[in-house]
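Biologist: Thanks for sitting down with me. Could we walk through this model together, one question at a time?

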Amino acid sequence: MRISTTKEYDSDNGISDAENIISRYINEIIGVILFYPYNHKDSAEWYEKPLKNGFVIRKNDFEELICYPYVGYIGLHSHKPQKLEEFKKFLNDRKVKYYEVPENQDGIDIWRECFEEKNDVVQAEKIMEVCNSYRIKEWIKELRT
C-alpha cells in the first residue's frame with residue numbers, strides 16, 4: 001500500500017473544499033480521519049483549544065491511498081465548532097465513515113510537541129510529521145474496521 005499526501009484545497013475554504021473532494025470522488029472515498037491537537041499552553045490561541053484537523057482518504061484506480069489534508073491549517077475558517085458538526089452531518093448523510101483520533105494514544109499526548117514554538121508554519125509542519133511518521137497507517141486501519 002502506497003500512501004501519498006496531497007494538498008487539493010483552497011486555503012480560504014477548508015471544510016468546504018473537503019466536502020467538494022468527497023463529492024467529486026464519492027465512489028473512491030475510504031473515509032475521513034479527524035484529529036484535534038490541543039495546545040495546553042496559557043498563551044494558546046482560541047482555535048488551538050483544540051485545533052481541528054483531518055484527512056480525506058481516497059483509494060484511486062492504481063490502488064494508491066491518497067490523503068487530502070484539509071481542516072486545521074492556519075487561516076482556515078473551519079476551526080469554528082459548528083463547521084465541524086456540519087461536516088460530520090455531511091459525512092453521515094453520504095454514509096462516509098470517519099474516525100476521530102483520541103487526544104492521547106497509548107497514554108501519550110502525541111500532539112504536545114507540535115506547540116513548542118509559536119510559529120504557525122512550524123506547528124503545521126510538526127502536525128504533519130506526527131501524522132506521517134507513525135500514526136496515519138494505524139488510523140486508516142481503524143477507519144476500515
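Modeller: Happy to! One term before we start: a polar contact is a pair of N or O atoms within 3.5 Å, where, within protein, one must be able to donate a hydrogen and the other to accept it. Keep in mind, too, that this is a predicted model.

Biologist: Good to know. Which side chains are joined to arginine 58 by polar contacts?

Modeller: Arginine 58 sits in strand S3. With a relative accessible area of 10%, arginine 58 falls under the 20% cut-off and is therefore buried. A polar contact of 2.5 Å links its side chain to that of tyrosine 68. Another, of 2.6 Å, links the side chain of arginine 58 to that of glutamate 28.

Biologist: And which residues does arginine 58 touch, leaving aside those up to four places away in sequence?

Modeller: Both polar partners turn up again here, Glu28 and Tyr68. Beside them, arginine 58 touches Tyr25, Ile29, Ile30, Glu64, Leu65 and Ile66.

Biologist: Let's turn to the nonpolar side. Which element gives the most to the largest nonpolar core?

Modeller: That core has 22 residues, and those with the most contacts inside it are Ile33, Phe35, Phe55, Ile57, Trp111 and Trp139. Two or more residues come from each of strand S2 (29-35), strand S3 (53-59), strand S4 (65-69) and helix H3 (120-144). The top contributor, with eight residues, is H3.

Biologist: How many residues are in the other core, the one that lies apart from it?

Modeller: Its members include Ile22, Tyr25, Val32 and Leu84. The count for this other core is 18 residues.

Biologist: Now the cysteines. How many disulfides does a search of the whole structure find?

Modeller: A disulfide needs two cysteine sulfur atoms within 2.5 Å. For cysteine 67, the nearest cysteine sulfur is that of cysteine 131, 9.3 Å away. For cysteine 114, the nearest is also that of cysteine 131, at 7.9 Å. The search of the whole structure gives zero.

Biologist: Are cysteine 67 and cysteine 114 buried or exposed?

Modeller: Anything under 20% relative accessible area is called buried. Cysteine 67 has 0%, and cysteine 114 has 1%. So the word for both is buried.

Biologist: Last one: in what order do the elements of the chain run from the N terminus?

Modeller: The secondary structure comes to three helices and seven strands. Of contacts between residues at least 6 apart in sequence, 67% join residues at least 24 apart. From the N terminus on, the order is β-α-β-β-β-α-β-β-β-α.

How values were computed
Residues numbered from 1 in each chain as written. Predicted model: local features only at pLDDT ≥ 70, side-chain atom pairs only at ≥ 80, totals over all residues. Heavy atoms only, no water. Core = buried A, V, L, I, M, F, W, Y, C linked by side-chain atoms within 4.5 Å. Buried < 20%, exposed > 50% of the residue type's maximum accessible area, 1.4 Å probe, protein only. Helix = DSSP H or I, 4+ residues; strand = E, 2+ residues; numbered from the N terminus. Contact = heavy atoms within 4.5 Å.
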